[in-house]
Amino acid sequence: MTKTAIISGITGQDGAYLAQLLLGKGYRVIGLTRSLAETNWGGLEYLGIKNDVIIQEIDLLDILQIIQLFEEYKPSHFYNLAAQSSVFQSFKHPIATFQFNTLSVFNLLEAIKRVDPKIRFYQASSSEMYGRVNNLPITENSVLHPLSPYAISKAAAHFTCIHYRESYGMHISCGVLFNHESYLRQQHFFVKKVIQESIRISKGEQDILWVGNIDIKRDFGYAPRYVEAMYLMLEQEKPTDYLICSGHSISLREIIEYVFEKLGIPKSACQISPELHRPAEIEDMYGDNTKARSELQWNYNLTIEQVLDLLIEEELKNDKTN
Ligand code: NDP
């Protein structure tokens, strides 16, 4: 019998790649969006799978709609990717970020508990939850110290999942993902912005790349490979949480220098704008992916330079202004 997987956040970067992967595994895929009228289908269309996914409009803050959804589609798996996902935006809209990112998770888990507790649930947790870390690399046992409203919301949702798993024996796994990038990344995220604007600079269409604090370091990976780990988590008999990361960090400055050199741009084309600095900033973070490698057999081996090469190549290939 065909298994049914529901993905919330289907319009996002990870939603599109995960839908592609699950369709390839033979799943019937239901994709959730908050608004059919305003939805941008860019990712699903780009991957050529728009007509293969059943799209459903839903308000995840309304538990009755979720219960109805489960009764109608009888899913075996639910991948919860919907979230206000920008740290920067969360400082501007802290309450809305917290409200959606936490209440939606409570509603989903409560609905699963009532309709079919056997539904397997994946939660998109974030490395941002660790915030001010004392020891690197981060492991599954590191202490959480969130430094943004986004991180606080993700930490609350993370503990909500642990609570339902421990209290009701539900099959819930949290993937604590570190930054991961792709051609489908939203334009305001750092790596996508740097590559897009650098291409414009290289063609004489823009003079300056404006950035905030570029001395911070992050652990970056490749989204199409990270969604494989999400799938593998829900295939395990025993639910638990995993760090999904490359295991190395790189400064944002080094990323800019790498992209500039590839595109033949002088360093002077990058300028710092104090307006782009955040009220609080994590200096460095990278994780230990040993658990995911050994238990999930998730074999990730791309360096950040290889990821940047892939992204630049795909961006240039799709650059309509050539
Ligand atoms: P995106 O920002 O690309 O996608 C987020 C999705 O959530 C979109 O489909 C968006 O819908 C939906 N969404 C946002 N706000 C709401 C809302 N208020 N109501 C309903 N839907 C909403 O994120 P990614 O695909 O990159 O990430 C997927 C998940 O993984 C997110 O939860 C993110 O926080 C988490 N994560 C991502 C990391 C990364 O590096 N990419 C790292 C760690 C965690 P719409 O199109 O309508 O805006």
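**View 1. Who lines the ligand.** Ala, Val, Leu, Ile, Met, Phe, Trp, Tyr, Cys and Pro count as nonpolar here, Asp, Glu, Lys and Arg as charged, and the others, Gly among them, as polar. With that sorted, the shell around the ligand in this predicted model splits into 9 nonpolar, 11 polar and 4 charged residues. That makes 24 residues surrounding the ligand. The closest ones are Thr11, Arg34, Ser85, Tyr150 and Gln186.

**View 2. Polar atoms facing the ligand's oxygens.** Start with Lys154: one of its polar side-chain atoms sits 2.8 Å from a ligand oxygen. Leu81 joins in through its backbone, with an N or O atom 2.9 Å from an oxygen of the ligand. Gly12 also uses a backbone N or O atom, this time 3.2 Å from a ligand oxygen. And how much of the ligand does the protein bury? On its own the ligand would expose 880 Å², and the protein buries 85% of that.

**View 3. Helices and strands around the ligand.** Look for α1 (13–24), β5 (120–126) and α6 (149–168), the elements that each give two or more residues to the shell around the ligand. Which of them gives the largest share? That's β5, with 3 residues.

**View 4. A nonpolar patch on the surface.** Leu61, Leu103 and Phe106 make up this one, and together they have about 250 Å² of accessible area. Leu103 belongs to helix α5, which covers residues 94–115. Is Leu103 buried, partly exposed or exposed? It counts as partly exposed, because its relative accessibility is 41%, and partly exposed covers the range between under 20% for buried and over 50% for exposed.

Conventions. Residues are numbered from 1 along each chain as its sequence is written. This is a predicted model: local features need pLDDT of at least 70, side-chain atom pairs count only at pLDDT 80 or more; totals for chains, interfaces and linings use all residues. Side-chain values use heavy atoms; hydrogens and water are left out. Patches are made of residues with over 30% relative accessible area and no salt bridge: like charges are joined within 9 Å, nonpolar side chains (Val, Leu, Ile, Met, Phe, Trp, Tyr) within 5 Å. Accessible areas come from the Shrake-Rupley method with a 1.4 Å probe; for residues, only the protein chains shown count as cover. A salt bridge is a side-chain nitrogen of Lys or Arg within 4 Å of a carboxyl oxygen of Asp or Glu. Helices (H or I, at least four residues) and strands (E, at least two) are DSSP runs, numbered from the N terminus. Buried means under 20% relative accessible area, exposed over 50%, partly exposed in between (1.4 Å probe, protein chains only). A residue is near a molecule or strand if one of its heavy atoms lies within 4 Å of it. A polar contact is a pair of N or O atoms within 3.5 Å; within protein, one must be able to donate a hydrogen and the other to accept it, and residues adjacent in sequence count only if both atoms are side-chain atoms.
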